[in-house]
Amino acid sequence: MSNTTVIEYLQNVSMSLHSSEWLSRYKQRRDLQIVSGLIILLLFIGVCAPFLAPQNPNNTDLDRKNEGPSIDHILGTDYLGRDLLSRVICGLQTSLEIALLTIILSFIIGVSVGSLSGYSGGWIDNIVARVIDVFLAFPSIILALALMVLLGSGITNMILMLSVVQWAAFARLIRGQVLSEKNQDYVLSARAAAFPGWWTMIKHILPNCIMPVLILATIDIGHAILTIATLSFLGVGIPPAIPEWGSMINSGLPYMRIAALNVIVPGLAITYVTLLFNIAGEGIRDITDPKMGHEGSL
Amino acid sequence: MSAILEISDLTVIFPLKTGNIHAAQQVSIQIQKGEIAVLVGETGSGKSVIGLAVLHLLPENAIISGSIKYNGDEILSISEQEYSRFRGHEISLVPQNPSASLDPLMKCGKQISESLAIRGVPKLKQGKEVEDVLRNLHFAKPNEIAASFPHELSGGMRQRITTAIAVASEPRLLVSDEPTKGLDYISRKTSIEMFLHLKHIRKDTHLLITHDLDLARMIGDTINVLYSGEIIESGPVAEIFTHPSHPYTAGLIAALPRNGMKAMPGVCPGLSNLPPGCYFYSRCPYQCNAGRTIHPTIVNISSKRRVRCHRFSR
Amino acid sequence: MSSVLQVTNLHKTFGHGDIFRDVTFSVNRGETLGLFGPSGCGKSTLGRCILGLEKLTSGTIFFQGRNISTLRRKERPHFQIKMQMIFQHPEISFDPRRRLLYSITEPLVFHEKRNPDDVLNTLMPLLHAVGLHPDLLSKYPGQLSGGELQRAMMVRIYSLSPQLVVADEPTSMLDMSVQAQILNLMKELQENNHTACIFISHDPEIMQIMCDRVGVMSEGGCTIMTKNEFSEWIRPLLVDHSK
């Protein structure tokens, strides 16, 4: 064993790069094991939603409006007699689908733009940085609303428009990382070895910078779900036929006093899923680089 | 007989999953009043660990045995609370990285005053005392320096500021941790001159931990050479430098650029993988038979010199 | 012309002042030119500018007889690989996420389109020459000592058979005995390969033993001195050993 280990030990620095380290830290964190289990469960439910839902979420039954819990409707029914549990489960699929696609798209756009800009430097970087600032300056909900009015509703439009809102955060984060990383000696060494920029970026810079962005992406899945719910609560975005938690809350509000579950259950679902992804994101941060946690939140 | 610091059989082990690290093994050193004792060693020699032990800063899960007596009082095994009455007041540290040790938002003079306050110097007198301290440390314009922020000063000057903070509290024991590390030749020269000056006017008892042989030779009285966690040679500085007994000491001196930069082959053994015989055997130019399997004990070769080498054992 | 490198009137400003100006010198095959000065004098920056890792404000650089300041983009790599650098902080000179095997074989893998094991075979003599045990190649940079990393860096650099090596304070972070080993190794490799070397340091004693000529940098200027001139000049600045 190398002599550097004594000093490392004394300074409590952990080598956060190796997957074996990550695995051993993961094994020590009971709470994160539970959270990851819950997320896997969530994803499973989301994918298999139509099969897991006890009834067709769109089956209306006007004779059984706003009922409380019963044997064939475990959580009761909504104002059109549709089974609440089925709608909540299918709503999960809707939310997850839109959120995941949004995050993936905005991640790709954001990381590409941000890293290229950071690596290029000079006037290109100056312009792109200002563009990023403009996008970040808009309150995301207002921007989303405006774009929805412009583009019209529908799931594809929603994904596109949410990505437009979201990419800037990724771009800013990766740009900052790349700006600092590109002056490191090992990057200079790569340039001295005459590797082209794209090689250095893909092989060296990005792998060393990407983790904070992945953590942000995880946490943003939760935020995206919240935004989607907010928009559909406001009546924008999702066609009413598709079950979505936000619109469920919206339509359930007038009947709060007689069928409160229609509002409470979707509300809890939104809270729970957002929280789960937040914790997961912080968990990834704790496992891959505990030091990061002490420098303040992302 | 007035040993300010007495380290006896200090052993420090760090338990790691991959094996125990024997950072210090039965180290014994005595420092008399007014003496400057130098701990010389390279990375992994254990010198920093000994300094941390004296300062009561070892991590909690370190396995520690032996004793350290300061002025006759045991300080190794006491609690943090009991130790705190010594730290900063009677036992002061000149730390390794001055830029990281100074508060960037506080003027230098104020940081030195904090040290004076520990000693109970009244606020009105602090300004004058700060000036005196800085003048003693070879600052030509003490008032300007006192009014500056750390980032306005060079690396060498910052190192003198941290030294000022340490001596301002009039400690009985000064501990310096690699004070010239990372300094360029100009700053290093002024630092060495500063320590020399301090030595003449203050006569502090000083435990100096360094791998800078020039610093050791210029200001040290006694030197203890550490290798893989043990003392392998100790004695008066002048004698050891002109006539080193242990081949490692000789090798270190020969490795200096001005002495021809002759490199010793090999590397020191890792602290979790120590060989059975003499730790230096694989690199030793003599490679005596005993060294392969028998671990040498430290012996006195004169009233003031000790060495750990089979060539000197009876 | 046996000068590998010829620089003329190199100048770099930093907005409000000059980092260096009017720097002119040449370095021949097998020769070591030192760049000496206290911290902040711009010697590292000069080294990087020569290798093209930082931009010059003005000045010309002739390397292997070609004016590399005016090279077209496509031609640059051909010359770039022949001028290499050894850095001051070995622990960050390698990509921390890559094992050493990857890092030392990467240049040849990329430029000659070979696979790593094949490249490793070619590099075995070099590994042996620097004293790097092949077992260490499966480790990450963070698991190795400064001395081991500088040896690995020399393998990586010399795999490209450079004509010029710029060493930027390569041993200031290392222990004394390791420093002696690494510097001796550098000298040996340089002699065997007839490489020109620019050695940057703030340690006057290392300068005297490693360099044939020394460029002393102060206040933005660079004065070239012979070994003897440098020894004379530096004497008052050395630590006085007569206690």
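How many helices and how many strands does chain A have? Select chain A and colour by secondary structure: there are 13 helices and zero strands. Keep in mind throughout that this is a predicted model, with ipTM 0.91 and pTM 0.85.

**Chain A**

Step along the sequence of chain A and the pattern reads α-α-α-α-α-α-α-α-α-α-α-α-α. Next, show the C-alpha trace alone; along its principal axes, that of chain A spans about 75 × 45 × 30 Å. Of the 298 residues in chain A, 41% are buried. Contacts in chain A between residues at least 6 apart in sequence can be drawn as lines; 69% of them join residues at least 24 apart.

**Where chain C touches chain A**

Add chain C, whose mean pLDDT is 91, with 98% of its residues at 70 or more. Select the contact between the two chains: chain A supplies 20 residues and chain C supplies 22 residues. On the chain C side, the elements giving two or more residues are helix H2 (76-80), strand S6 (83-86), helix H3 (90-93) and helix H4 (100-112) of chain C. Coloured by class, this side of chain C shows 13 nonpolar, seven polar and two charged residues.

**The sheet in chain B**

Move to chain B and select its open sheet of eight strands, ordered S6-S7-S8-S3-S9-S10-S12-S11 (chain B), with mixed pairing. Strand S6 (91-94) and strand S11 (299-300) of chain B are at the edges; each has a single partner strand, so one side of each lacks a neighbour in the sheet. Zoom in on the S11(B) edge. Which way do S11(B) and strand S12 (residues 306-307) of chain B run, parallel or antiparallel? They run antiparallel and are joined by two bridges. To see one pairing, pick B:Val299, whose bridge partner in S12(B) is B:Val307.

**Helix H8 of chain B**

Now select helix H8 (residues 185-202) of chain B and take the distance between its end C-alpha atoms. These atoms are 25 Å apart, which agrees with the 26 Å that 18 residues should span at 1.5 Å a residue.

Which residues of H8(B) are buried? They are B:Tyr185, B:Ser187, B:Arg188, B:Lys189, B:Ser191, B:Ile192, B:Met194, B:Phe195 and B:Leu198. Show their surroundings: the cover includes helix H7 (155-168) and helix H9 (213-219) of chain B, as well as helix H8 (204-210) of chain C. Finish just after H8(B), at B:Lys203, where phi is positive, at about 55 degrees.

Definitions and conventions:
Residues are numbered from 1 along each chain as its sequence is written. Chains are lettered from A and ligands numbered from 1 in the order in which they are written. This is a predicted model: local features need pLDDT of at least 70, side-chain atom pairs count only at pLDDT 80 or more; totals for chains, interfaces and linings use all residues. Two residues are in contact if their C-beta atoms, placed from the backbone, lie within 7 Å. Helices (H or I, at least four residues) and strands (E, at least two) are DSSP runs, numbered from the N terminus. Ala, Val, Leu, Ile, Met, Phe, Trp, Tyr, Cys and Pro count as nonpolar, Asp, Glu, Lys and Arg as charged, and the others, Gly among them, as polar. A residue is buried if 20 or more other C-beta atoms lie within 10 Å of its own, exposed if 12 or fewer, and partly exposed in between; C-beta atoms are placed from the backbone. pLDDT is the predictor's confidence in each residue, from 0 to 100. Two strands pair if DSSP finds at least two bridges between them. The expected span of a helix is 1.5 Å times one less than its number of residues.
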